[in-house]
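Hi,

Here's the structure I promised to pass along. Have a look at it first, and then read on for what turned up.

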Amino acid sequence: MILYKATVTLKKDIEKIRLSGKSIGFVPTMGALHKGHVSLINISKNKCDITVCSIFVNPTQFNDPTDFEKYPSTLANDILLLENSGCDILFLPSVAEMYPSGTKPAIHYDLGDIEYILEGKYRPGHFQGVCQVVHRLLDMVNPHYLYLGQKDYQQTIVIKRLLQLINHAAKVITVSTFREDTGLAMSSRNLRLTAEQKENAVSISKMLHYIADHYLDTPPAQLEKYATNYLLNNGFHKVDYVSIAEAETLQPVNDVTKAGRLIALIAAFISEIRLIDNMILKG
Ligand code: AMP
């Protein structure tokens with residue numbers, strides 16, 4: 001695996017790879033890698049000649065400074081995992097390398113309503129920050145395929161929109177959520193949970209299954225209330241949302257019989273650690 005820290009050298013080599021006719025798959029991450037990230041690398045490796053992974057904890061997408069400061073970092077282990085999974089290129093830029101003119105946004109991305117609901121509502125500015133960094137990374141890595149996890153479902157919608165806005169031809173491949181045997185979605189933030197908190201965290205996927213089993217015969221509002229109360233009674237301290245939504249727009253659904261594709265999404269806190277997960281109900 002080749003490690004790049006400088007954008008100039010990365011860009012030059014990417015150009016050479018493209019000119020040689022090879023396909024490039026890209027997996028952007030914030031590090032503290034786990035099996036979920038590795039599944040994205042593996043899927044990219046199966047399809048593409050060259051797989052690029054980036055590790056960059058992007059300051060502009062954190063609306064909560066403590067969350068940014070406490071974001072886990074396990075770089076030595078990350079490099080080992082990437083080497084073992086056969087990743088070809090690791091891009092590891094510094095903040096100065098990514099934001100040479102400072103982190104203040106130069107562009108406002110017109111993302112539409114998706115920017116302001118669910119994650120957007122509870123993490124104001126988050127998706128502008130995501131677009132800021134992904135736009136830069138796309139300029140640098142210029143991939144044919146962009147691998148994203150379904151775990152961050154709203155982010156996949158936002159990034160597809162970004163690709164349209166900036167006219168980038170990369171194709172998004174959404175990879176299903178990799179879970180622990182307990183059902184807990186793998187997440188870098190799980191590293192911050194104590195053993196007891198990790199046991200409680202399983203309640204999110206339990207509630208997603210509960211919703212999947214009951215959404216056809218129980219009104220969405222009732223299920224959302226049930227799941228919220230369940231989480232609050234099982235170790236969660238705050239629930240940002242439990243939402244049964246239309247899968248393309250994430251707008252809430254009142255009558256599931258009239259809806260098309262449906263998804264259930266949850267964001268909730270254990271102590272100050274915010275966890276998210278989702279499940280497609282009707283695909
Ligand atoms: P992150 O490092 O958390 O920003 O995630 C980098 C990429 O990995 C994003 O596209 C995530 O959606 C994806 N990802 C994170 N957790 C998982 C998981 N458990 N299963 C599959 N993909 C994941």
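Below are some notes on the ligand site and then on the sheet and helices.

One thing up front: this is a predicted model.

Let's start with the ligand. There are 16 residues around it, and Met30, Gly149, Asp152, Phe178 and Met186 come nearest. Two of the ligand's oxygen contacts are worth a look: a backbone N or O atom of Met30 sits 2.9 Å from a ligand oxygen, and a polar side-chain atom of Asp152 is 2.6 Å from a ligand oxygen. On the nitrogen side, a backbone N or O atom of Phe178 lies 2.8 Å from a ligand nitrogen. Taken on its own, the ligand has 480 Å² of accessible area, and the protein covers 92% of that.

As for what the shell is made of, it splits into seven nonpolar, seven polar and two charged residues. β2 (24-29), α2 (35-47) and β5 (145-149) each put in at least two residues, with α2 giving the largest share, three.

Now the sheet. It's an open one with six parallel strands, ordered β1-β4-β3-β2-β5-β6. At the edges you'll find β1 (2-4) and β6 (171-175), each pairing on one side only. Neighbouring strands are turned by 25 degrees against each other on average, ignoring direction. β2 and β5 pair over two bridges, and Phe26 has Leu146 in β5 as its bridge partner.

Two helices lie across these strands. α2 crosses β2, β3 (50-55), β5 and β6, at about 155 degrees to β5. α7 (residues 126-141) crosses β2, β3, β4 (89-91) and β5, at about 150 degrees to β2.

Cheers

Terms used: Residues numbered from 1 in each chain as written. Predicted model: local features only at pLDDT ≥ 70, side-chain atom pairs only at ≥ 80, totals over all residues. Heavy atoms only, no water. Near = heavy atom within 4 Å. Polar contact = N/O pair within 3.5 Å; in protein donor to acceptor, adjacent residues only side chain to side chain. Areas by Shrake-Rupley, 256 points an atom, 1.4 Å probe, with all protein chains shown as cover. Helix = DSSP H or I, 4+ residues; strand = E, 2+ residues; numbered from the N terminus. Nonpolar A, V, L, I, M, F, W, Y, C, P; charged D, E, K, R; others polar. Pairing = 2+ DSSP bridges. Axes fitted to C-alpha atoms, helices over the stretch in contact; angles between N-to-C directions. Contact = heavy atoms within 4.5 Å.
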